[in-house]
Amino acid sequence: MDYTVHTTPNGMRVALNGRMTLIDHEKFRAVVEAIERMEGQVCVFDLSSLEFVDSSGLGMFLIARDIAQPKDVEIELAGAQDTVKRILEIAKFNTLFRVTP
Amino acid sequence: MIPALDLPAPIAGPNRISFSDCRVLVVDDSRFNREILSRFVQWVGIGGIDFAADGESGLERMAAQTYDLVLLDIDMPVMDGLEMCRRIRATPGWADLPVLMQTSPASDPAGVRCFEAGASDIIGKPINAGEFMARVRLNLEKQFFFRNLTDFHRRLQNDLKLARGMQKSLIPDNRVLADAGARHGLMIEGRFEPSDELGGDFWTLFDLGEGRLGILAADFSGHGISAAINTFRFHTLIERIPPHGYEPAEWLGMLNRPLKDLLPVGQFATCFYAIIDSREGTLSYAAAGAPSPLMFLDGQVTMLDASGLMLGVTRNPIMTADQVPFPAGACLLIYSDAVTEALDRQGHLLGEDGLIRLVRDIFPHRENRLARLIAAFDNEVQRPLADDLTAICISRL
């Protein structure tokens, strides 16, 4: 997995691409740190280029949510393609995150 | 006269080499050289030094005594250093022993012949004390760390093998499956295959009485040791909170609460729990983010919705619960995500569509459905799998 982080007027946007799996834990730590430091109320994960996410990847989103909640930051999972969309559906992530097309 | 060098004292400790415990064999036909080399070796702090004057007596020494490093000259009577080195390397157990050879710049400047014979390192003549000592220490340290790592690896492998046996004992064996199947008029097949020595998958059966059989399959996030420990915790939890007398969703909710307290944020379990009632011909289930089990009946494959928040994520679980007919001839396939997330030879995910296609091809014949499915699966996907594989196939007779 690779990622880029951009500041947006109301928070930040993290674009993820490739496969998000167990081995990306260290990389994702930097994303979590960025959320800790961020200004604004919305953190958008752009998933349009993410090919796959496994259970460890879902766990990383949960960790991000855990950090974001006390700061009143909302996490949005945007633009997931078929495979990732199906995985988010099975996990009913729409009950925890704002999931947008 | 050769000046003594100021060398830093070796730091003691279990992860540090103790040179005084090392034993070195010096093989050289010149008594003068043996004495000089012996002095250098002593300066390194080596505790044990033995000598031989030719290759053959050197090998005799080695047969009688274990050495940590062997120092060879090339030109010697009876058997030269190159031949002795070749024989060392041909001996099982000495393949990684540090062998240092003294080379002469005139005959073999780059030490090519020495390395071809299997030398670990070369020391050019005339011998420079500092270089000599540095190379001896370096090669001894390398050997020490290599041995440490090998020992550690071996110990870990043994531990993992034991732990794997323990994990397998949590999963119903063939006898249990045959007994439960006979009592409930079912054919039950199971496959459990951790991707590493240990895995995060778990499944089991419960005889609930009155013709009811419970099937629980769970998959802890991640894999390897930490996920495996979670399966043991889960097993303990189930012993404490057995499913008897509860509806599927009710029971999974009861398991969710302690799991939420137990698991750190980011760890969770997907879960599918079903009760097959062979008298009523029904299957009642509840699920928390599990892969959609497949129902095969009259040549048709349908997917059961097993979506839901995984166990251990929140205090208020959101699960899917349903009851569907499970008449004679029906077959249920429960599987871990490793199946649909397997990659085919072109690198594409097998996916739910791929699995449904395989099931449609293979399940019309009732015998050995799961074994034949796995064989067809193996034929299409790349091994090894990235995740733990569990598959359970339950056919009503």
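Modeller: Two strands count as paired if DSSP finds at least two bridges between them. The model discussed here is predicted.

Colleague: What makes β6(B) and β15(B) a pair?

Modeller: β6(B) and strand β15 (residues 389–396) of chain B are joined over 8 bridges, in the antiparallel sense. The cut-off is at least two bridges, so the 8 bridges satisfy it. Within this pairing, B:I188 has B:I394 in β15(B) as its bridge partner.

Colleague: Where does β6 stand in its sheet, at the edge or inside?

Modeller: The sheet is open and has 5 strands of chain B, in the order β6-β15-β14-β11-β12, with antiparallel pairing. Its edge strands are β6 (186–193) and β12 (300–303) of chain B, since each pairs on one side only. Neighbouring strands are turned by 15° against each other on average, with direction ignored.

Colleague: Why is β6(B) described as largely enclosed?

Modeller: A residue is buried if 20 or more other C-beta atoms lie within 10 Å of its own. In β6(B), 6 of the 8 residues are buried, so the strand is largely enclosed by the rest of the structure.

Colleague: How do you know that β11 and β14 of chain B pair?

Modeller: Strand β11 (residues 294–297) and strand β14 (residues 331–335) of chain B share 3 bridges, so the requirement of at least two is met. Their sense is antiparallel, and B:M295 stands opposite B:L332 in β14(B). Helix α10 (residues 351–362) of chain B lies across β11, β12 and β14 of chain B, at about 150° to β12(B).

Colleague: Which strands are at the edges of the sheet with the order β2-β1-β3-β4-β5 in chain B, and why?

Modeller: That open sheet of 5 strands has parallel pairing. β2 (48–52) and β5 (121–124) of chain B each have a single partner strand, so one side of each is left without a neighbour in the sheet. The twist averages 20° from one strand to the next.

Colleague: What makes β4 the partner of β5(B)?

Modeller: 4 bridges join strand β4 (residues 99–103) of chain B to β5(B), so the threshold of at least two is passed. The two strands run parallel, and B:L100 stands opposite B:D121 in β5(B). Helix α5 (residues 129–170) of chain B lies across β3, β4 and β5 of chain B, at about 170° to β5(B).

Colleague: How many residues of chain A are in contact with chain B, and how do you know?

Modeller: Two residues are in contact if their C-beta atoms, placed from the backbone, lie within 7 Å. By that criterion, 15 residues of chain A are in contact with 16 residues of chain B. α2(A) gives the most to the side of chain A that touches chain B, with 7 residues.

Key:
Residues numbered from 1 in each chain as written. Chains lettered and ligands numbered in written order. Predicted model: local features only at pLDDT ≥ 70, side-chain atom pairs only at ≥ 80, totals over all residues. Axes fitted to C-alpha atoms, helices over the stretch in contact; angles between N-to-C directions. Buried ≥ 20, exposed ≤ 12 C-beta atoms within 10 Å, placed from the backbone.
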